[in-house]
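The paragraphs below lead through one structure, from its nonpolar interior to its metal site, a helix pair and some details of the backbone. Please keep the sequence and the coordinates at hand while reading.

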Amino acid sequence: MTSEPLASPDPLVPAYDLVLLDLDGVVYIGDHAVPHAAEALSAARDAGAGLHFVTNNASRRAPRVAERLRGFGVAATEDEVITSAQGAAALLARQLPAGATVLVVGADALVAEISDVGLRPTRSADDKPAAVVQGYGREVGWEQFVEAAVAIRRGAQWVATNLDLTLPSARGPVPGNGSLVAAVAAAVDRRPDVVVGKPEPALFRQASQRRGAARPLVVGDRLDTDIEGAVRAEMPSLLVMTGVTSPAELLAAPPHQRPSYLAEDLRGLLAPHPELRRDGERAGCGGWWAESADGAIRLTGDGERIDALRAACAIAWTTGVTELDTDSARAAGLVASWT
Ligand SMILES: [Mg+2]
């Protein structure tokens, strides 16, 4: 069980030979590149690490994902991308005979993935599909839900690309594939048979096998998808604080959602990670000490705020005290909106 962030006397790359990267909140946020991401990834490549981009979004095919990454200044090829649509198609191709019919609830990108693995996509339950595959698509709506419900009730296997309840947008969270799957689940009174995307470990394992990695490292910004997926895949992970996770959420993380390493951003791949120190009830990192006092974590010292967060995690994950003392947290820079 992770009781404190790990130390690494050497930079994480090339000690880890393949970096499995989440996209939104790590490389870009919406339409903007995350500061330092492109330079850090370029330096990681120069240091000898492989990169692989792992996305739950089933509405864009790998070449488009790579193109989008290049638009943010990140060199990427389609061979370095795995999507949950590809993962779902690969899974169905293993389970069904060639040419079997699959009802697609989702974008044309998902239809194309199903065709590419030698299965026959359809949009109609009357084609007697052996399976239903459901992924996010802007055009998904009631008519596709009807076909899915009919096919599932007739006995088709049901595969969901992912269960993210929301998608980030400039107007805040909007319904993601998990919300659309929930609509069908309510109608058929059961859950999908298989889920492919994070936090399931399948995409990390497929990517790692495809690249022949010996020591993969998962990098993400979400505890309940990226980090939990890494734990389930039994791979070490790096949480970057450029996305959705706040210090308070990290401190309260249950054991199966605790990252191995912490960093401000992707530059954390290229740096050593400092040792945690213990002194009685206190935990120290860099210039900071953390301790539990009056039911809260109090921080003293100065230096890098990421070290204050590392020390606070060591206290929270061993004592169960997860509240931060407001004044000392503010002095250490551990504020609600980290970015
Ligand atoms: Mg993310």
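**From the core outwards**

In this predicted model, the largest nonpolar core has 34 residues, and those that touch the most other members are Phe53, Val219, Leu266 and Leu269. At least two residues of this core come from each of α1 (12–15), β1, α2 (37–46), β4 (50–55), α3 (62–71), β13, β14 (237–240) and β15 (261–263), and among these elements α2 gives the most, with 5 residues. In soluble globular proteins, nonpolar side chains tend to be buried together. Val219 may serve as an entry point: leaving aside neighbours within four places in sequence, Val219 is in contact with Val19, Leu20, Leu21, Asp22, Val26, Leu238, Val240, Leu266 and Leu269. A second core, separate from this one, has 31 residues and includes Leu223, Ala290, Leu309 and Ile315.

One of the contacts of Val219, Asp22, leads on to the metal site. Which residues coordinate the magnesium ion? The donors are Asp22 and Asp221, each through OD, together with Asp24 through O, at 2.0 to 2.2 Å. Along the sequence these donor residues follow the spacing D-x1-D-x196-D, and the pair Asp22 and Asp221 links distant parts of the chain, 199 residues apart. Asp22 belongs to the loop between β1 (18–21) and β2 (28–29), whereas Asp221 belongs to the loop between β13 (216–220) and α9 (223–232). Both Asp22 and Asp221 are buried.

Elsewhere in the chain, two helices pack against each other. Two packed helices are described by the angle between their axes and the distance between the axes. For α4 (residues 84–95) and α5 (residues 108–116), the axes come within 9 Å and cross at roughly 35°, and the crossing in which α4 passes α5 is right-handed. On the α4 side the contact is made by Ala85, Gln86, Ala89 and Leu92, and on the α5 side by Leu110, Glu113 and Ile114; by class, these comprise 5 nonpolar, 1 polar and 1 charged residues.

Thr161, in the loop between β9 (157–160) and β10 (166–167), touches residues of this helix pair, including Ala85 and Leu110. Is Thr161 buried or exposed? Thr161 counts as buried, because its relative accessibility is 0%. Not counting residues up to four places away in sequence, the other residues that Thr161 touches are Ala58, Ser84, Ala88, Val133, Gln134, Gly135, Tyr136, Asn177, Val196 and Gly197.

Some backbone details remain. Most residues other than glycine have a negative phi, and most peptide bonds are trans. Against that background, the bond between Val13 and Pro14 is cis, with omega about 5°, and Pro14 lies in helix α1, which also supplies residues to the largest core. The bond from Lys198 to Pro199 is likewise cis, with omega near 15°, and Pro199 is placed in the loop between β12 (194–195) and α8 (202–211).

Positive phi values occur at Glu234, where phi is near 55°, and at Asp294, where phi is about 55° although the residue is not a glycine. Glu234 is found in the loop between α9 and β14, and Glu234 is exposed, with a relative accessible area of 73%. Asp294 lies in the loop between β18 (288–293) and β19 (296–301) and, at 79% relative accessibility, also counts as exposed.

How values were computed. Residues numbered from 1 in each chain as written. Predicted model: local features only at pLDDT ≥ 70, side-chain atom pairs only at ≥ 80, totals over all residues. Heavy atoms only, no water. Axes fitted to C-alpha atoms, helices over the stretch in contact; angles between N-to-C directions. Helix = DSSP H or I, 4+ residues; strand = E, 2+ residues; numbered from the N terminus. Left-handed = near helix turned anticlockwise from the far one by under 90°. Contact = heavy atoms within 4.5 Å. Nonpolar A, V, L, I, M, F, W, Y, C, P; charged D, E, K, R; others polar. Donors = N, O, S within 2.8 Å, 3.2 Å for Na, K, Ca; no water. Buried < 20%, exposed > 50% of the residue type's maximum accessible area, 1.4 Å probe, protein only. Core = buried A, V, L, I, M, F, W, Y, C linked by side-chain atoms within 4.5 Å.
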